[in-house]
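This report describes a protein chain together with its ligand, and it begins with strand pairing before turning to backbone geometry, domains and the ligand shell. Please keep the structure in view while reading.

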Amino acid sequence: MSSSELSALSPADLTTFVATQRTAYDALKAKELKLDLTRGKPSAAQLDLSEELLSLPNGHTSAAGTDVRNYGGLEGLPELREIFAELLGVEPSQIIAGGNASLTLMSNTLINALLHGAVDSERPWSQEETIKFVCPVPGYDRHFALLESLGIEMVTVPMTDDGPDPVATAALVKDDPSIKGMWIVPTYANPAGSVCTQEVAAALTSMPTAAPDFKIFWDNAYALHHLTAAETKSADVLSLATAAGNPHRPVIFASTSKITFAGSGVAFLAGSVDTIAWYLKHLSKSSIGPDKVNHLRHVQFFKDAAGVRAHMDKHRAIIAPKFAEVQRALTDGLEGRGIAEWTKPAGGYFVSLDVLDGTASRVVELAKGVGVALTPAGASFPHGDDPRDRNIRLAPTMPPLSEVAAAMEVVVTCVLLAAGEKLTSGL
Ligand code: PMP
């Protein structure tokens, strides 16, 4: 135990410590801050990187000579699908390009499985008495909200540094046919930042499941969003699943929301050729074709996969200093105190901060009291319920660097104060 650990302080020193943090907190209040670290949105400077999109496309003709202004081409523009097939490690025949939100593709996939059954289901999922999904935690709050809205129950497994705990997952799914699927954010997970290794992906794609139509919702929202020069490659989930005899198990999602415009990008769904055919069959009832003008504009903007990678380097130059500031503040303020642990992601949009058990809600409340909005405590857990009340998701991309620094000073003070309050409460 290091001497700077709070739990090593005598009761008198602890009381003094709390008083010092309270004074620091009151000084922050006087600054009348109005800062926001809540959501993983790109900053205006990042959106500006894609400004040229607003003056594209030049012309309106696809490589095959079709007029992109017209109906048709439900699977999306082939030349755009080719670029993202390469980037996501699938064949062009295994990917479709849609509208601007991958979340909509996830929702549609679930709803189609409920109403019609998945590509390999015996009957619609809605005919089962109960349906459950495995949710690695901490995880993405909108995944959980979507399941909740559809009446799908959630069972949790721990998110490890290498992806969802494969042993815990395998134990859950092997005897319970009501577990129809699981979420994975494989690369730079939201919020843990962890990367699902090829070994974990192999375990999850090959594990025996009581449900014959078990699905892995492989949400690769941050596949290309590196914070370092090491461009971590995502596990090759489709090849692994195919080799394991479960080719229809993965459904892959991605989008350019954090590559071009969050409000006007392109979303992708990939999977086995049969999965694609299944998705398009249902989509054809609700759409005559996607926004191919936007597809063409993206093709002309990027030109090829290398163009996308080069573009992501520009994002990195803008956001890496913000993540570095988060690390600096947490290290300077909290390291060695025995009250907090946090992730050091090599990509993605978040830092996951675990504070002293039972104090996360208090930290968020304290931060709000001095004008800093944090994601609600518990948001990274199903139903917003963090059983240990310790996890806080930090999202530093949107505010300018100076605001990230100011907000992190608040976070550190609030973590220290809340821990001090908790440790003195039993004195
Ligand atoms: N998946 C994850 C893991 C995300 O973090 C986000 C955005 N916060 C999304 C999906 C949303 O993607 P889209 O904008 O394509 O709907």
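Which residue in β5 is the bridge partner of Thr160? In this predicted model, the bridge partner of Thr160 in β5 is Gly163.

## Strands β3, β4 and β5

The pair Thr160 and Gly163 belongs to the antiparallel pairing of β4 with strand β5, residues 163-164, which is made over two bridges. β4 and β5 form a hairpin, and two residues lie between the two strands.

β4, residues 153-160, is also joined to strand β3, residues 132-137, and here the strands run parallel, with six bridges between them. One of the pairs in this parallel arrangement is Lys132, whose bridge partner in β4 is Glu153. Helix α5, residues 141-149, completes a β-α-β unit with β3 and β4, and this unit is right-handed. β4 therefore has a parallel partner in β3 and an antiparallel partner in β5, given that two strands count as paired if DSSP finds at least two bridges between them.

## Cis peptide bonds

Most residues other than glycine have a negative phi, and most peptide bonds are trans. Against that background, the bond between Val137 and Pro138 is a cis peptide bond, with omega about 0°. Pro138 is found in the loop between β3 and α5, and those two elements take part, with β4, in the right-handed β-α-β unit.

Another cis peptide bond joins Leu56 and Pro57, where omega is about 5°. Pro57 lies in the loop that runs between α2, residues 44-48, and α3, residues 78-88.

## Residues with positive phi

Glu32, a residue other than glycine, has a positive phi, near 50°. Glu32 is found in the loop between α1, residues 11-30, and β1, residues 35-36. Is Glu32 buried or exposed? Glu32 is exposed, because 8 other C-beta atoms lie within 10 Å and a residue with 12 or fewer counts as exposed.

His383 also has a positive phi, in this case near 60°, and is likewise a residue other than glycine. The loop that holds His383 lies between β12, residues 372-373, and β13. With 10 other C-beta atoms within 10 Å, His383 is exposed, since that count falls within the limit of 12 or fewer.

## Two domains and their contact

The domain assignment of the protein chain gives domain 1 as 6-46 + 310-425 and domain 2 as 59-303. Taken over C-alpha atoms, the centres of domain 1 and domain 2 are separated by 31 Å. The contact between them takes 23 residues from domain 1 and 28 residues from domain 2.

On the side of domain 1 that touches domain 2, the elements that give two or more residues are α11, residues 305-334, and β13, residues 391-394. α11 gives the most to this side, with five residues. By class, the side of domain 1 that touches domain 2 has 11 nonpolar, nine polar and three charged residues.

## The shell around the ligand

The residues around the ligand are Gly40, Ala101, Ser102, Leu103, Tyr140, Val185, Asn190, Asp219, Ala221, Ser255, Ser257 and Ala267. How many residues of each class does the shell around the ligand have? By class, six are nonpolar, five are polar and one is charged.

Key
Residues are numbered from 1 along each chain as its sequence is written. This is a predicted model: local features need pLDDT of at least 70, side-chain atom pairs count only at pLDDT 80 or more; totals for chains, interfaces and linings use all residues. A residue is near a molecule or strand if its C-beta atom, placed from the backbone, lies within 6 Å of it. Ala, Val, Leu, Ile, Met, Phe, Trp, Tyr, Cys and Pro count as nonpolar, Asp, Glu, Lys and Arg as charged, and the others, Gly among them, as polar. Domain bounds come from an automatic or database domain assignment. Two residues are in contact if their C-beta atoms, placed from the backbone, lie within 7 Å. Helices (H or I, at least four residues) and strands (E, at least two) are DSSP runs, numbered from the N terminus. A crossover is right-handed if, with the strands pointing away from the viewer, the path from the first strand over the helix to the second runs clockwise. A residue is buried if 20 or more other C-beta atoms lie within 10 Å of its own, exposed if 12 or fewer, and partly exposed in between; C-beta atoms are placed from the backbone.
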